[in-house]
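Me: Please take a close look at one single part of this model, and explain in one connected account how its surroundings are arranged. I work on computed structures, so I would like the account to stay with what the coordinates show.

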Amino acid sequence: MESLILHEYAQSGNCYKIRLTAAHLGLSLERREYDTMKRETRTADFLANVNANGRIPVLQIGDRFLPESNAASFFLADGSRLIPADRYDRANMLRWMFFEQYNHEPNIATMRFWIAFVGENRLDDVQRMQIPGKRVAGRAALALMDDHLKDRRFFVGDGLTLADIVLYAYTHVAPEGGFDLSPYPHVAAWLDRVAEQPGHVAMDA
């Protein structure tokens with residue numbers, strides 16, 4: 001495989017997904033850190049040469065640049081045990097990856113960023129108005145996950161897939177955004193199972 005460089009902010013769950021995928025596959029990544037609080041991904045150089053959308057993570061593959069965390073994770077995992085061989089299971093894995101980006105991440109990850117990184121007292125009026133709705137939607141996502149996991153060890157099939165990796169990234173730090181995980185015992189047990197998998201690395205590794 002060509003050289004792999006991850007343009008990232010280490011505390012981002014989206015960036016962590018890619019590192020965690022690589023760790024499970026034994027792949028080496030060169031890491032380049034950007035401070036998003038200092039708008040280092042909005043410089044003219046970054047926009048021209050890394051990602052015109054001004055966001056991280058970006059996985060650099062040789063001289064090609066692949067933004068979007070789930071797409072980058074899929075690139076790394078394509079053809080591996082993290083992607084089911086069965087056609088239905090593979091589509092079901094994608095279903096949960098889409099759920100993560102549409103229902104889970106916009107609420108749970110956003111609340112973590114606002115509370116733990118920006119600070120609630122520094123939010124603008126529009127952001128403050130969104131907090132109740134994001135809490136409701138975040139809890140609904142966790143409840144759906146908990147119900148799905150009540151008789152399953154992993155989200156798809158019998159083993160770890162990309163669905164578990166992308167959902168783990170922000171779920172395990174959801175309390176940093178004010179989400180209490182105690183009402184979701186099946187989610188809590190699943191988090192422990194994922195962390196116990198060979199090759200697992202912590203977000204701060």
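Reply:
**Strand β1 and its surroundings**

In this predicted model, strand β1 pairs with strand β3 in the antiparallel sense, and 4 bridges join the two. Within that pairing, H7 stands opposite V58 of β3. β1, which covers residues 4–8, also pairs with β2 (residues 30–33), here in the parallel sense and again over 4 bridges. Two residue pairs help to locate this second contact in the model: I5 stands opposite E30 in β2, and L6 stands opposite R31 in β2.

The burial of β1 can be read residue by residue. Of its 5 residues, 5 are buried, and the strand is thus described as mostly covered. In a regular strand the side chains alternate between the two faces of the sheet. On one side of β1 lie L4, L6 and E8, on the other I5 and H7, and every one of these residues is buried, which leaves both faces covered. The buried set therefore includes E8 and H7 as well as L4, L6 and I5, where buried means a relative accessible area under 20%.

From β1 the chain can be followed to its parallel partner. β1, helix α1 (residues 13–25) and β2 together make a right-handed β-α-β unit. The helix in this unit has 13 residues and reaches 18 Å from its first C-alpha to its last, close to the 18 Å expected at 1.5 Å a residue. Since 11 of the 13 residues of α1 are buried, the helix is largely enclosed by the rest of the structure. The buried residues are G13, N14, C15, Y16, K17, I18, R19, L20, T21, A22 and H24. An α-helix has 3.6 residues a turn, so residues three or four places apart point the same way.

After β2 comes the loop between β2 and α2, where R39 is placed. R39 has a positive phi of about 60° although it is not a glycine. With a relative accessibility of 54%, R39 counts as exposed, because the threshold for that class is over 50%.

On the antiparallel side, the path towards β3 passes through the loop between α2 (44–49) and β3 (58–61), which is the place of P57. The peptide bond joining I56 and P57 is cis, with omega about 10°. V58, the residue that stands opposite H7 of β1, has P67 as its bridge partner in β4. β3 and β4 run antiparallel and are joined by 4 bridges. They form a hairpin with 2 residues between them, and G62 in its turn has a positive phi of about 65°. Beyond β4 (64–67), E68 lies in the loop that leads to α3 (69–77). E68 is another residue other than glycine with a positive phi, near 75°. At a relative accessible area of 46%, E68 is partly exposed.

The wider surroundings can be taken up with the largest pocket, whose volume is about 950 Å³. It is lined by 30 residues, and those closest to its centre are T36, R42, R55, I56 and F113. I56, one of these five, is also the residue joined to P57 by the cis peptide bond. By composition, the lining divides into 11 nonpolar, 12 polar and 7 charged residues. Helix α4 (residues 87–118) gives the most to this lining, with 9 residues.

I115 is placed in helix α4, and it is partly exposed, with a relative accessible area of 26%. Its C-alpha atom is separated by 7.2 Å from that of E176, although the two residues are 61 apart along the chain. A second pair of residues that are distant in sequence is T161 and L82, 79 residues apart, with a C-alpha to C-alpha distance of 4.2 Å. T161 lies in the loop between α5 (125–148) and α6 (162–171). T161 has 4% relative accessibility, and it counts as buried because that value is under 20%.

To return to the part in question, β1 pairs in the parallel sense with β2 and in the antiparallel sense with β3, and its residues are buried on both faces.

How values were computed:
Residues are numbered from 1 along each chain as its sequence is written. This is a predicted model: local features need pLDDT of at least 70, side-chain atom pairs count only at pLDDT 80 or more; totals for chains, interfaces and linings use all residues. Side-chain values use heavy atoms; hydrogens and water are left out. On a 1 Å grid over the protein atoms alone, a cavity is a set of points where a 1.4 Å probe fits but cannot get out, and a pocket is an open set with protein on both sides within 12 Å along at least five of seven lines; lining residues have an atom within 4 Å of a point. Grid points are joined across faces, edges and corners, and a volume is the space filled by probe spheres set on the points. Ala, Val, Leu, Ile, Met, Phe, Trp, Tyr, Cys and Pro count as nonpolar, Asp, Glu, Lys and Arg as charged, and the others, Gly among them, as polar. Two strands pair if DSSP finds at least two bridges between them. A crossover is right-handed if, with the strands pointing away from the viewer, the path from the first strand over the helix to the second runs clockwise. The expected span of a helix is 1.5 Å times one less than its number of residues. Buried means under 20% relative accessible area, exposed over 50%, partly exposed in between (1.4 Å probe, protein chains only).
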